[in-house]
Structure formats: C-alpha cells, structure tokens
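Ready for a few exercises on reading a protein fold? Have the structure open beside you, try each task, and then follow the solution step by step.

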Amino acid sequence: MDLGIKGKWALVCGASKGLGLGCAQALAADGANLVINARGADALEAAATQLRAIPGAGTVLAVACDITSDQGRAAVFGVQGGPGTDFDIVVTNAGGPPPGDFRDWEREAWIKALDANMLTPIWLIKATVDGMAQRGFGRIVNITSGAVKAPIDILGLSNGARTGLTGFVAGVARSSIAGSGVTINNLLPGAFDTDRLRTTAKGQSEKTGKPIEELLEARAKTIPAKRFGTAAEFGAICAFLCSQHAGYITGQNVLADGGMFPGTM
Ligand code: NAD
C-alpha cells in the first residue's frame, strides 16, 4: 500500500534503536524525509546510514541531542537542510523512567519523568501543530506504553507521566486542528524485543539469579501471542497512522501488545 507520505518531512525522536528506529525505517521505506534524534552520536549516525540505504528513502538528517532539553529541541528544529518547525509528521519518543518504589521518588524524579514522557511531547505538539493545520495535513504519533491502560506498580513514574500526556492528547486531538487534516494518536507498546526490554530483564536477573534468556522466555509465554513484538511491526503501525489513509483516526490509544490486555476494549 502506498502510504502517500513520499516527500513529507518527519521528525522521529529516540530513533537510534528500538521502537523509534522501527518507526523511522517504516517511514523511510515510504519515501518520507527524516530528521532523527537520539542522545548518542555514534549509534544515531549508524542508524542514519542504515536508513539512507533503504530503497526509496528520502533525505535523512541526524541530530544527536537530548530531546527533553530546550537546546536539544532547538537543534532539531534548526538543523541545516531540515524543515524548521514545518514537519508534516512527528513521532515523539524518549527513554522511559526507571522502575522503583513510589516511596523513594522525590520531586526531582517526578520532574524528570514528566519532562521526558509528558512535557516534551506536549512541547513538540505545540511547536508543530498549528503549521500542520495551516498546510492542511499533519500526523503526530506519541510512543507511550501499554501501562497507560494497565498500570504496572513498579513503573509509577511512567504510569503517571504518560497518563498525563494521554489526557492532554485526548483534548487537543479533538480541538479545532481536527478539522484541518491533523491527527494526534498515541501508540502503546506492550512487550517489544528492544534493549529496553532486555535492560529490565537484566535487572530481574541480578535480583533473582535466573538467566536473562530464561526470564524472557517465561515472560513471552504469558503473552497470548507467545512472543515479543518486533520494532518492524511497531514501525509499520506507526507508519500507517502517519499515512494519508489514517486521516479519520484521531485521539486514539492504539495498543500493540500481542493480546496481553485482557479487556474487551
Ligand atoms: P530503547 O531503549 O531500545 O530505545 C530508546 C531510544 O530513545 C534510543 O534511541 C535512545 O537513544 C533514545 N532516547 C532515550 N532518551 C532520549 C532523550 N532524552 N533524547 C533523545 N533520545 C533519547 O527503548 P524502546 O524499547 O525503543 O522504547 C521506546 C519507548 O517506549 C520508551 O519510552 C519505553 O519506555 C517505551 N516502552 C517500551 C516497551 C518495550 O517493550 N520495548 C514497552 C512499553 C513502553
């Protein structure tokens, strides 16, 4: 299917690996021009090289910076050869907050989580959405988490910050921009096979003494699909939400979790 995004400018955050890279790959395969971002310059450059080699890929510009900082966002919007703030597609993403016990989190931990997983996406939406509306097309996809629908106790920072973003998006997606061809949706990963998943398993392995692979295998068995998702699958869903065909889907929370969430809706 032609997604109708050839030549559109897409910003994909947290795109040196994992789910962000999966989204960037799928958008590149459909001919979108990309500005990709992540903190580590080497991994980001390697990702950019890989993306440029995808048949049909457009321009790929890489900006190594922390997207949660003012300087980082200024660098992304100021990159030479990029579209400024005139992006047609924005995929917001940053690392998730650490797990822990809520009794141990002071204000600083909360502010960091809110900055990364709530305020940065809101800032990116604010910077781009009116231009999208003026041009009559825009797609914003926020990578959040299945924990928004089914909170996980040790991920309280993530549950709180991402749910705040979800409430904000529910309102703004249905505001006047909805009549100007702009959609905003959240894409909620369940368990996907990325470094993040393996880092969590490593922590459990250190606590329990069980090998990482054994822990991952046991976890995969609890998922109705009996496996973890792949970044490519995630990217394909994201690219569809960014496509010309998805113009009537807005304000939604799209869960990709292999059937893990047990509810009817
Ligand atoms: P990952 O660790 O594999 O990749 C994260 C990417 O984001 C990397 O490119 C990293 O450099 C970049 N990044 C992190 N912080 C950044 C920052 N401040 N500025 C710029 N770039 C930054 O993680 P992932 O598995 O791809 O997860 C992406 C998001 O989805 C995270 O927020 C994670 O918590 C969430 N999530 C993942 C899963 C899963 O199973 N993988 C499940 C639920 C939620």
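Two strands count as paired if DSSP finds at least two bridges between them. Keep in mind that this is a predicted model.

**Exercise 1. Work out in which order the strands of the sheet lie, and find its edges.**

Solution. Begin with the pairing: 7 strands form an open sheet, and they pair in parallel. Walking across the sheet, you meet them in the order E3-E2-E1-E4-E5-E6-E7. Next, look for strands that pair on one side only: these are the edge strands, E3 (60-64) and E7 (253-256). Finally, check the twist: on average, neighbouring strands in this sheet are turned by 15° against each other, ignoring direction.

**Exercise 2. Zoom in on E1 and E2 and count the bridges that join them.**

Solution. Strand E1 covers residues 9-12, and 4 bridges join it to E2. The two strands run parallel. For one example, start at Leu 11 and look across to E2, where Val 35 is its bridge partner.

**Exercise 3. Which strands does H1 lie across, and which does H5 touch?**

Solution. Take H1 to begin with: this helix lies across E1, E2, E4 (89-92), E5 (138-143) and E6 (182-189). H1 runs at about 170° to E1. Now move to H5, residues 156-172, which packs on the sheet and touches E5, E6 and E7. The direction of H5 makes about 155° with that of E6.

**Exercise 4. Describe the surroundings of the ligand.**

Solution. Step one is the head count: 29 residues surround the ligand, and the closest are Ser 16, Leu 19, Ala 94, Phe 192 and Thr 194. Step two sorts this shell by class, giving 11 nonpolar, 12 polar and 6 charged residues. Step three asks where they come from: H1 (18-29), E2 (33-38) and H6 (195-208) each supply at least two. The largest share, 3 residues, comes from H6.

**Exercise 5. Which residues place an N or O atom by the ligand's own nitrogen or oxygen atoms?**

Solution. Start with nitrogen: an N or O atom in the side chain of Asp 66 is 2.8 Å from a nitrogen atom of the ligand. For oxygen, turn to the backbone: an N or O atom of Phe 192 lies 2.8 Å from a ligand oxygen, and one of Gly 190 lies 3.1 Å from a ligand oxygen. To finish, consider the surface: alone, the ligand exposes 830 Å², of which the protein buries 91%.

Key:
Residues numbered from 1 in each chain as written. Predicted model: local features only at pLDDT ≥ 70, side-chain atom pairs only at ≥ 80, totals over all residues. Heavy atoms only, no water. Near = heavy atom within 4 Å. Polar contact = N/O pair within 3.5 Å; in protein donor to acceptor, adjacent residues only side chain to side chain. Areas by Shrake-Rupley, 256 points an atom, 1.4 Å probe, with all protein chains shown as cover. Helix = DSSP H or I, 4+ residues; strand = E, 2+ residues; numbered from the N terminus. Nonpolar A, V, L, I, M, F, W, Y, C, P; charged D, E, K, R; others polar. Axes fitted to C-alpha atoms, helices over the stretch in contact; angles between N-to-C directions. Contact = heavy atoms within 4.5 Å.
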